[in-house]
Amino acid sequence: MPEGTGPVICMRISGNSTSHLRVVLILISIAGFIAFLTYIPDIVKLVIISILLAYILDPFANFLESRGMSRPTATVLIFIAIVFAVILAYMSVLPLFAAQISGLQAGFSPDRAGFVISRFEDFLMPYLSFLGIKELNLMGRTQGAMAGAGDWVLNHVLDAASLVTSMILIPFIVFFLLKDGREFKRAFVSLVPNRYFEFTLYLFHKLNAQVGNYLRGQLIDATIVGTMAVFGLWVIGVKYFFLIGIFAGLANLIPYFGPIAGAVLALLVSILQTGGLDKVLYVILAFTIIKLLDDAIIQPVVVARSVHMHPLTVLLAVLIGGKLFGILGMLLTVPLVGFLKVVVHESILNYRRYRTA
Amino acid sequence: MNKIWENIFKLRQKAVDEIDAILLKIPVFQDLNKRELKKIKRILHQREYSSNEIIFKEGDIGLGMYIILAGEVQIVCGPDNHVLAELCRGDFFGELSLLDDAPRSAAALAKLPSVTLCFFKPELIDLISRDPQLGCKILFRLAWVIGERLKSTNEQLKKISCLREQDPLSA
């Protein structure tokens, strides 16, 4: 045996005897850290959104760097571009957005809604009489539901203080993640023990490619679906087509339920708009075509790696996301679960590949 | 007070200069100017190993090259840990891993407490996409190093085949 290799074997033996204790300690630490995070859901939400945004913006910063810019200059330029885009959106799209929101509120005025609901009740009653139902009281039920929904929206969406905090903090975190992301990664890797150091870097490299592709793919997919929905609803002549289209695009981030939610909203608005079922067939047709195009062309091309999730997983993710972080949570939890699934799957796969190479 | 600060600064500067000097002696980084060297230093990882600590095992996926800043490293292979080479300050190893995903053909072991700088493939790929000019310089020098290794292997093979021709039994 060559000189100096004996102690290595001794170290391995003693290492094996303490490895279980180490694993237990690491698991306890992770559990403690997760428990701590549940006490600060607002900060966690901000950090998660910022990480997702930084991931999406990273290729732009890399592109500018490849054109000879330094990383800080590239980051500043991206932020200037974003500010211009926001101003442009504020001037061009926001008036339309605001007009459609106020229009939607007016469209749901008690008189008009009452008229449509009573017509719908009249239409249903002859079919339900054989069940012994004499009165549905849809109007009362709807008013109760709307009041509850109003409170929910006030509590979860229109929280001005948290909105302003997010508007300031998210760009702040994204800026530094984008500018100093590599240094953060290096600092993190420097904490990893020598034994796992190469594997950690290998894993980071693999995850970066997979997760980045997944998130950017999801965003592009949502944008295309949203644009198609806006265009389709505009052609059909559905009111508030812009608002519903954006919602359909965002809802598309949620598999199974998202596309249905977008279609249901469009159907409801078309029924309230016409007071009948005139446009229902066209709306269903438009959303079916969008869904088919999404499944057959957009997803395979744009989303490099589809993350298969069981419908029950999606439902639970949406419910938990909604409970913890409101509407935004409902939209972001599914991509986040997809992100975690990619992380766990790639970690296990690459660990096996790394060790059995 | 000023002298203390000056001394601290000088010590730090001395360490930086020493790292620069070692890096500039490595063929892969020989052609780089000061600005490019600074960029490279930003993506290198510095690791410290205690005596007899394994740096990487035989069979692990190779991720990149190591440059020895201090200490001594043994390259060993096989179940009996046959020593292939002993490397010291300024030497480098594992550069082939910057180009392929093949498993490590030998293990590296810190014979003495050692400090290494690590230059890894993911960072090289990232560098090529961000600064293609610098990336090309490094790849060119890397190809040169591999070429030199190939030449040396060919020479050794020639010597062995000459020996076989002269005396087939002893070869």
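Angles of 65 to 115 degrees between axes count as roughly perpendicular, a cut-off that comes in handy for the first view. One more thing before we start: this is a predicted model.

**View 1. Helices α2 and α4 of chain B cross each other.** Here we look at helix α2(B), residues 34-43, and helix α4(B), residues 132-166. Their axes come within 11 Å and cross at roughly 85°. That angle falls in the range from 65 to 115, so α2(B) and α4(B) are roughly perpendicular to each other. On the α2(B) side, the residues making the contact are E36(B), K39(B) and I40(B). From α4(B) come L134(B), K137(B) and I138(B). Sort these residues by class and you get three nonpolar and three charged ones, with no polar residue in the contact.

**View 2. Four strands of chain B form an open sheet in the order β1-β8-β3-β6.** The pairing in this sheet is antiparallel. Which strands stand at the edges? They are β1(B), residues 45-49, and β6(B), residues 92-93. Each has a single partner strand, so one side of each is left without a neighbour in the sheet. Zoom in on β6(B) and you find its partner β3(B), residues 64-70, joined to it over two bridges. One residue pair to look for is I67(B) with its bridge partner F92(B) in β6(B).

**View 3. Helix α3 of chain B lies across three strands.** Those strands are β1(B), β3(B) and β8(B), the last of them spanning residues 114-120. The helix itself covers residues 121-130 and runs at about 45° to β8(B). Keep α3(B) in mind, as D126(B) in this helix takes part in a salt bridge to chain A.

**View 4. A second open sheet in chain B has the strand order β2-β7-β4-β5.** Here, too, we have four strands with antiparallel pairing. The edges belong to β2(B), residues 54-56, and β5(B), residues 82-88. Each of these has a single partner, so one side of each lacks a neighbour in the sheet. Ignoring direction, neighbouring strands are turned by 30° against each other on average.

**View 5. Strand β4 of chain B pairs with β7(B) and with β5(B).** Strand β4(B) is made of residues 72-77, and four bridges join it to β7(B), residues 107-110. Across from V73(B) you will see A110(B) in β7(B), while V76(B) has A107(B) as its bridge partner. How many bridges join β4(B) to β5(B)? There are six, and the two strands run antiparallel. Q74(B) stands opposite E86(B) of β5(B). Follow the chain from β4(B) to β5(B) and you trace a hairpin, with four residues between the strands. In that turn sits G78(B), with a positive phi of about 80°.

**View 6. Chain A and chain B meet at an interface.** Here 30 residues of chain A are in contact with 36 residues of chain B. Together the chains bury about 2700 Å², and 53% of that is on carbon and sulfur atoms. Which residues of chain A lose the most area to chain B? They are R186(A), N194(A) and E198(A), together giving 24% of what that side buries.

**View 7. A salt bridge joins D126(B) and R182(A).** The N to O distance is 3.1 Å. The structure holds 18 salt bridges over all chains. This pair crosses between chains, from helix α3(B) to helix α6(A), residues 160-191. Across the interface of chain A and chain B there are four salt bridges.

Technical notes. Residues numbered from 1 in each chain as written. Chains lettered and ligands numbered in written order. Predicted model: local features only at pLDDT ≥ 70, side-chain atom pairs only at ≥ 80, totals over all residues. Heavy atoms only, no water. Pairing = 2+ DSSP bridges. Contact = heavy atoms within 4.5 Å. Axes fitted to C-alpha atoms, helices over the stretch in contact; angles between N-to-C directions. Parallel < 35°, antiparallel > 145°, perpendicular 65-115°, else oblique. Nonpolar A, V, L, I, M, F, W, Y, C, P; charged D, E, K, R; others polar. Buried area = accessible area lost by both parts, 1.4 Å probe. Salt bridge = Lys/Arg side-chain N within 4 Å of Asp/Glu carboxyl O.
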